[in-house]
Amino acid sequence: MPRIAVLGAGFMGSTHARAYKSLPDLELAGIYAHSPKRAEPLAAELGTTWTDDLDRIMNDDTIDAIDICLPTPEHRAAAERAIVAGKHVLLEKPIAMEMADADALVDLAASTDKVFMIAHVLRFWPEYVELQKIAGSGRYGRPVSAFASRRQPFPAWSELFSRSDLTGGAVIDQMIHDYDTLNWIFGAPKGVTARGINNPRSQGWDQVQVLIDYDGASALVDGGMMMPESYPFSSRLEVLLETGALEYHFRAGGRSVEMGAGVNDLIDYPNDGDPRKLAVPADDPYTTEVAYFVDCINSGQPATRATPADARLALQVALATRESLESGQTVAVGQSSPTP
């Protein structure tokens with residue numbers, strides 16, 4: 001029975017910790033946080049302990065795995081310590097803020113026999129999983145274009161979002177969900193052209209429109225976190241294929257994603273026949289995500305979903321987006337300067 005510790009007691013750390021607690025045959029070994037403000041009540045709720053001593057977690061040989069939900073600038077150091085300490089690692093997205101850190105973590109993953117996975121939750125979100133499955137099946141030919149959006153008011157669940165130097169703003173922390181999903185469907189991106197608004201509240205690019213070029217296809221991403229306070233969290237993915245189309249629309253019951261689903265529709269539009277609303281299992285994606293991580297640990301198999309290499313590719317799109325926003329030019333993904 002694996003023993004798992006969670007680093008971080010904010011929104012995502014709490015979400016992961018509760019997901020582990022709902023699973024059988026594992027033990028939530030503890031919560032690490034910088035202060036007791038959220039960690040102490042979370043630990044009490046889940047019947048575990050909390051600590052602000054990271055060494056205590058890292059040096060505990062009875063802890064098999066560490067789930068890292070710390071601020072993104074702390075990801076690389078925490079993941080490296082955990083792997084060196086012989087722990088399996090689930091690292092919250094984004095993998096890093098800069099390519100040098102992402103490259104180091106991809107190399108680290110390749111050098112260890114421990115499970116090392118990135119928590120890109122849309123790869124476990126039932127409707128996104130089903131959409132990608134159909135798009136990749138060849139039923140409607142190949143995908144040729146897509147539109148993705150992700151919109152919400154300025155996040156209220158963490159003070160960190162007032163510091164884009166700690167989060168990357170919407171371009172890195174929020175829209176990276178959609179970059180990763182589009183890469184999952186279309187493959188390796190070629191270039192990015194972006195326009196957007198710099199938010200004085202965070203000093204980051206918090207409202208963007210991004211055109212991503214793929215091999216023989218393209219995708220448009222729109223969104224951010226500058227919507228009015230009354231606006232519900234909303235996301236959308238529309239994929240056009242050669243002989244059909246797929247659309248998923250999610251709208252929460254309030255300003256944040258966890259406030260229930262006011263709209264949660266996946267529609268299949270064939271070229272021949274009527275549109276169909278698809279029914280998929282109403283599984284909690286965070287629970288499915290951590291359960292997959294635990295299954296990999298128990299089976300001794302590496303994680304093949306949401307890998308560090310996948311996460312690095314999504315970060316490359318995010319960094320190319322930021323450079324295009326700053327330069328006004330198209331930027332080749334993986335290159336450090338705009339293309340002519």
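**View 1. Gln 203, an exposed residue with positive phi.** At 56% relative accessibility, Gln 203 counts as exposed, because the cut-off for exposed is over 50%. This value, like every other in these legends, comes from a predicted model. Gln 203 sits in the loop that links β8 (191-199) to β9 (204-214). Its phi is near 65°, a positive value in a residue other than glycine. Most residues other than glycine have a negative phi.

**View 2. Ala 306, a buried residue with positive phi.** Ala 306 is not a glycine, yet its phi is positive, at about 60°. The residue belongs to the loop between α10 (285-299) and α11. Is Ala 306 buried or exposed? Its relative accessible area is 0%. Ala 306 is therefore buried, as the cut-off for buried is under 20%.

**View 3. The cis peptide bond at Pro 94.** The bond runs from Lys 93 to Pro 94 and is cis. Its omega is near -10°. Most peptide bonds are trans. Where does Pro 94 lie? Pro 94 is placed in the loop between β5 (88-92) and α5 (99-111).

**View 4. The open parallel sheet.** Six strands make up this open sheet. Their order is β3-β2-β1-β4-β5-β6, and the pairing is parallel. Which strands are at the edges? They are β3 (50-51) and β6 (116-119), each of which pairs on one side only. Strands of a sheet pair through backbone hydrogen bonds.

**View 5. The pairing of β5 with β6.** Four bridges join β5 and β6 in the parallel sense. One pair to pick out is Val 89 with its bridge partner in β6, Phe 116. The partner strand, β6, is an edge strand of the sheet.

**View 6. The largest nonpolar core.** This core holds 80 residues. Which of them have the most contacts inside it? They are Leu 7, Ile 95, Tyr 179, Leu 182 and Leu 315. Helix α11 (residues 308-327) supplies the largest share of the core, eight residues. In soluble globular proteins, nonpolar side chains tend to be buried together.

**View 7. The contacts of Leu 315.** Residues up to four places away in sequence are not counted here. Leu 315 touches Ile 95, Ala 96, Met 97, Glu 98 and Met 99, among others. Ala 102, Ile 172 and Ile 176 are also among its contacts. Both Leu 315 and Ile 95 are listed with the residues that have the most contacts inside the largest core.

**View 8. A second nonpolar core.** This core is separate and has 30 residues. They include Ile 4, Val 6, Ala 65 and Ala 291.

Technical notes: Residues numbered from 1 in each chain as written. Predicted model: local features only at pLDDT ≥ 70, side-chain atom pairs only at ≥ 80, totals over all residues. Heavy atoms only, no water. Core = buried A, V, L, I, M, F, W, Y, C linked by side-chain atoms within 4.5 Å. Buried < 20%, exposed > 50% of the residue type's maximum accessible area, 1.4 Å probe, protein only. Helix = DSSP H or I, 4+ residues; strand = E, 2+ residues; numbered from the N terminus. Contact = heavy atoms within 4.5 Å. Pairing = 2+ DSSP bridges.
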